[in-house]
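Let's take a friendly walk through the aromatic rings of this protein and one of its helices. The structure comes up just below, so keep it open while you read.

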Amino acid sequence: MTRCVAFLVLTFGLCSYCWSATPIQLVTLDYPPYIVSKEGELSGVAVELVEAVFKELDVPISIQVLPWARALSNVQFGRADAIFTAFKNPEREQFADFSHQVLFTQNISLVARVNSNIRSDNFLTDDLSDMTICVVNRVSYGKRIDVLLAENRFKLVFKRNQTNECAHLVRTGRADVWVNNDFGARSIIASEGMEEVLDILSPPIEATPSYIAFSKLREHTWLRGRFDEVLEVMKQDGRYEAIIDGYFERLREQAAKEKG
């Protein structure tokens, strides 16, 4: 009997969102190609994936693009329901309920000027006391880079609100290196026309899983569980890869069309 009551409560909670006109409020940052905000239009492979999961759940959503620090703050203090794509760390787990299913495993790479002497294969163990680095404010780049930043191992750390600001700091020589998701760096370098100036170093310094995370103050544990269930099924039946492959195929087609 108790199980039946619990099932009915969960079902009613889910259906209440189906009937509600108030969407779940998601926040994120402009993070091409995962999240792309351009001229009032929102796109990106992570946007398409998240939209597909919530559509399967029949739960309406709204997505707001903010500077990353403000997006995190909105989730922390219950001004938003969830945030994506977020790396997991102990500080964030205090206020956010992370999905168990990984949205994307992101390669974290170093970006430097072409022909620089910086190497990624020994970067994490080198003496970095003369190195100037640019990162986005309150973005996590995985445990090892986060530790280096926390221990003040760099000569200078530029913290900016937008990823393209870091690209231009390295381009102009004010920063030696920029840390970013590999796909995101490729997208920004291409869109800003900096292919001959900036180089994404290989190998990546870390491969880090990213998630959707729900505000604990909004009490969405049940929704996080349902999100996990749907995402897992989408990975198993091929829809997950189809969304990713379809997005990048459209990007290739668009680039070819623009070239004439």
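Helices and strands here are DSSP runs, with at least four residues (H or I) for a helix and at least two (E) for a strand. Please keep in mind that this is a predicted model.

With that in hand, we can start from the annotated span. An unreviewed UniProt entry lists residues 23–250 as "domain: Solute-binding protein family 3/N-terminal". Helix makes up 36% of that span and strand 28%, and its end C-alpha atoms are 28 Å apart.

**The aromatic rings**

There are 8 aromatic pairs in the structure. One of them is Tyr31 with Tyr34: the ring centres are 5.7 Å apart and the planes meet at 25°, and because planes under 30 degrees apart count as stacked, this pair is stacked. Another is Phe104 with Tyr240, where a centre distance of 6.2 Å comes with a plane angle of 40°, so this pair is tilted. Phe104 belongs to strand β7 (residues 104–113) and Tyr240 to helix α9 (residues 239–259), so their contact ties together parts that are 136 residues apart in sequence.

Are these four residues buried or exposed? The table gives the answer for each.

| Residue | Relative accessible area | State |
|---|---|---|
| Tyr31 | 9% | buried |
| Tyr34 | 3% | buried |
| Phe104 | 6% | buried |
| Tyr240 | 11% | buried |

Ring pairs also bring in Phe183, giving a cluster of Tyr31, Tyr34, Phe104, Phe183 and Tyr240.

**Charges over rings**

Tyr240 has a further partner: the charged end of Lys235 sits over its ring, 5.4 Å from the centre. A similar arrangement involves Lys88, whose charged end sits over the ring of Tyr211 at 4.6 Å from the ring centre.

**Helix α8**

Lys235 leads us to helix α8, which covers residues 221–237. How far does this helix reach from its first C-alpha to its last? The 17 residues of α8 reach 25 Å, close to the 24 Å expected at 1.5 Å a residue.

The buried residues in α8 are Leu223, Arg224, Phe227, Asp228, Val230, Leu231 and Met234. As background for reading that list, an α-helix has 3.6 residues a turn, so residues three or four places apart point the same way. After α8 comes Gly238, with a positive phi near 95°.

Notes. Residues are numbered from 1 along each chain as its sequence is written. This is a predicted model: local features need pLDDT of at least 70, side-chain atom pairs count only at pLDDT 80 or more; totals for chains, interfaces and linings use all residues. Side-chain values use heavy atoms; hydrogens and water are left out. Rings of Phe, Tyr and Trp (its six-membered ring) pair if their centres lie within 6.5 Å; planes under 30 degrees apart count as stacked, over 60 as edge-to-face and the rest as tilted. Buried means under 20% relative accessible area, exposed over 50%, partly exposed in between (1.4 Å probe, protein chains only). A charge sits over a ring if NZ of Lys or CZ of Arg is within 6 Å of the ring centre and within 35 degrees of the ring normal. UniProt positions are given in the numbering used here, feature names are shortened, and annotations may be inferred rather than shown by experiment. The expected span of a helix is 1.5 Å times one less than its number of residues.
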